Amino acid sequence: MAARPAPLATRAAANGTCQSRVEPFGYKCEEHTVTTADGYILSLQRIPGRRGSGQSAAAGNKIPVLLQHGLLMDGVTWLMNSPNESLGYILADGGYDVWIANTRGTVYSRGHTTLSSSDPTYWDWSWDELASNDLSAVVQYVYAQSGQQRLHYVGHSLGTLIAFAAFSQRQQLGMLRSAGLLSPIAYLNKVASPLALAGADTFLAEALYWLGLDEFDPTGEPVHKLVTDICSQPGINCYNMMSVFTGDNCCLDNSSVQVFLAHEPQASATKNMVHLAQMIRRGTLAKYDYGNAADNTKHYGQATPPAYDVSAIPDDFPLFLSYGGRDTLSDPQDVSHLLQVLKSHDGDKLTVQYLEDYAHADFVMAGNARERVYAPLLAFFKLQEK
């Protein structure tokens, strides 16, 4: 497994997402930024109209859709296939006002009002802050920009976890119509991914943290070395890195994989990886554990991290969940646990789709996801718009 060239800095100097992935296909595209309460400057892309329409963002009062990518990814997640196959373009052609979020630490969201991304303090966050700060800042911004139109939310993987965390605390729900959650993650104790499991079992992220590596950059030498060590363990074959991490994806075509390799993986905070490893080892859905009662009490006013209660999501808030039988990160057993917690949800407000042959990346990269996932998702959206 050779280290991949083109570190973040050189890729950052290249064209932005609008120029590289949207405008070449004949769509209008706008670059926006939004600043979080804790000073992170996030990039957002907006596709305001259909392909070749020449419509400006002011045209009509279209319903906005916010797309939120997963772990070690960025907004290109939604644009990796052709316009007929990628959700970002399909929504724009379907008459929606499309907004694509990019989490802090990713290549176009590395700005901060006071900190440099080379400052360890810049990386002092986990998905707790993505739920409480990034998601709220972006939702509020899109809501304001679109004339206070309530929006649909679509998350993949970590993008679903931060939604569950925010919604369980009743955040942002007044600005949202519904949420489509692909490869939903709330519980991780049945994760079957050999790479994720080995990383949690060997305390990979904690090791990096103890070494003083605050930024988890999969293309950097320290992470590469540790992953190589894991891949040399008996029973773990890292020949196909994506499969060993996400499960055996059924339906990826080579062109989307090439786009993926040109843009991903992205960096995250090592603290975020530690938080996810805590979930895998403990089966909990709770805030970050600082490892001792004194530090937890300092942050939370109690000795143990507060839990997120998914059952507190209002029973009448429309949810669409789609999960796959081969997904080793959003494992079907963990999704069953989640559905059990949501069992009091109003039957007509919860749509659940199970695709036996899909794994984790299929939901955003499969050549047939338009028919299998996105058409049912758009039909679900239409029901919530009546």
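1. Let's start with a term: a residue is buried when its relative accessible area is under 20%, exposed when over 50%, and partly exposed in between (1.4 Å probe, protein chains only). Tyr89, at 0% relative accessibility, therefore counts as buried, while Phe25, at 24%, counts as partly exposed.

2. A word on the basis. This is a predicted model, where local features need pLDDT of at least 70 and side-chain atom pairs count only at pLDDT 80 or more, while totals for chains, interfaces and linings use all residues. Residues are numbered from 1 along each chain as its sequence is written, and side-chain values use heavy atoms, leaving out hydrogens and water.

3. Now the rings. The whole structure has 16 aromatic pairs (rings of Phe, Tyr and Trp, the last by its six-membered ring, with centres within 6.5 Å; planes under 30 degrees apart are stacked, over 60 edge-to-face, the rest tilted). One of them is Phe25 with Tyr89, edge-to-face at 5.4 Å centre to centre and 70 degrees between the planes. Phe25 sits in the loop between helix 2 (17-22) and strand 1 (30-35) and Tyr89 in helix 3 (residues 87-93), so this pair ties together parts 64 residues apart in sequence. (Helices, H or I of at least four residues, and strands, E of at least two, are DSSP runs numbered from the N terminus.)

4. Have a look at Tyr153 and Phe167 too. Their ring centres are 6.2 Å apart with planes at 75 degrees, so they are edge-to-face. Tyr153 belongs to strand 6 (residues 151-156) and Phe167 to helix 5, 14 residues apart. Tyr153 is buried at 0% relative accessibility, and Phe167 is buried at 1%.
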